[in-house]
Amino acid sequence: LVSDIRSHFPLVFQRVSAFEGEANGMITDNVNTIFSDAEGHFWMGTAGGGLFWKHADSDSFRSLDGRLPGTNIYDIQQDREGFLWVSTNRGLTRLQVSGVDVEVNNFLEDNGLQGNIFNKGAGFKDENGNLFFGGNNGLNYFDPESVRLDDYSPPVVITELKVMNEEVVPLTSLDDPLVLT
């Protein structure tokens, strides 16, 4: 007597694969992390293919290719304000998607991170809303509400101008500055 396991355990699993090509929007099958946000959107971080998201009412994925500095996505967490925090192979990214608009802020080791490379699944949000991300050089934790972006754009002042390594003196004075447009 031969038994077919499918008759005892009907297959209820659905497979999503990059082999389906453009039909589902995926470009890789190597998934590192999966996350569902507060609005029910489904996020998938891949190894080398970047970040993908699927609207709760959709069957296909949308790539955020080129929006994040890294293509290896290790973990995704959401803060209380709705921002997603994504650890990558090139730092930590704060992400907000609103319709077709995407706002991205990137943070690197120069901003105080343990390093620019993080580890798969090494992310956590505690009961107070603090976020934790682990990487190759330790751990970062912070209150995302305390992160303030520096939107100051310093004025650009040209103090010297050289052409072919020879100084060029502008035809204006300090009282009559040259304005470049």
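In this predicted model, strands E9, E10 and E11 make up an open sheet of three strands, arranged in the order E9-E10-E11 and paired antiparallel. E9 and E11 are the edge strands, each of them pairing on one side only, and the twist from one strand to the next averages 15°. The points below begin with the pairing inside this sheet, then turn to aromatic rings and to the chain as a whole.

**Pairing within the sheet**

- Strands pair through backbone hydrogen bonds, and the pairing in a sheet can be either parallel or antiparallel.
- Strand E9, which covers residues 118-125, is joined to E10 by four bridges, and the two strands run antiparallel.
- At one position of this pairing Phe118 stands opposite Gly135 of E10, while at another Lys125 stands opposite Leu131 of E10.
- E9 and E10 form a hairpin with five residues between the strands, and within that turn Gly129 has a positive phi of about 90°.
- On the other side of the pairing scheme, five bridges join E10 to strand E11, residues 138-142, again in an antiparallel arrangement.
- Leu131, which faces Lys125 in the pairing with E9, has Phe142 as its bridge partner in E11.
- The hairpin formed by E10 and E11 has two residues between its strands.

**Cover of strand E10**

- Strand E10 comprises residues 131-135 and is mostly covered, with four of its five residues buried.
- In a regular strand, side chains alternate between the two faces of the sheet.

**Aromatic rings and a charge over a ring**

- A pair of aromatic rings is described by two quantities, namely the distance of the centres and the angle of the planes.
- The chain contains eight aromatic pairs by the rule applied here.
- One of them is the stacked pair of Trp85 and Phe107, whose rings lie 5.8 Å apart centre to centre with 25° between their planes.
- This pair links distant parts of the chain, since Trp85 belongs to strand E6 (residues 84-88) and Phe107 to strand E8 (residues 101-107), with 22 residues separating them.
- Trp85 and Phe107 are both buried.
- Phe132 and Tyr141 also form a stacked aromatic pair, with 5.4 Å centre to centre and 20° between the planes.
- Is Tyr141 buried or exposed? Tyr141 counts as exposed because its relative accessible area is 59%, and the cut-off for that class is over 50%.
- Ring pairs connect Trp85, Phe107, Phe118, Phe133 and Phe142 into a cluster; among these residues, Phe118 is the one that stands opposite Gly135 in E10, and Phe142 is the bridge partner of Leu131.
- Arg94 lies over the face of Phe83, at 3.8 Å from the centre of the ring.

**The chain as a whole**

- The protein chain has one helix and 13 strands, and along the sequence the pattern reads α-β-β-β-β-β-β-β-β-β-β-β-β-β.
- Of its 181 residues, 34% count as buried.
- The chain exposes about 12500 Å², of which carbon and sulfur atoms supply 51%.
- When contacts between residues at least 6 apart in sequence are considered, 37% of them join residues at least 24 apart.

Conventions: Residues numbered from 1 in each chain as written. Predicted model: local features only at pLDDT ≥ 70, side-chain atom pairs only at ≥ 80, totals over all residues. Heavy atoms only, no water. Buried < 20%, exposed > 50% of the residue type's maximum accessible area, 1.4 Å probe, protein only. Contact = heavy atoms within 4.5 Å. Areas by Shrake-Rupley, 256 points an atom, 1.4 Å probe, with all protein chains shown as cover. Pairing = 2+ DSSP bridges. Phe/Tyr/Trp six-rings, centres within 6.5 Å; stacked < 30°, edge-to-face > 60°. Lys NZ or Arg CZ within 6 Å of the ring centre and 35° of its normal. Axes fitted to C-alpha atoms, helices over the stretch in contact; angles between N-to-C directions.
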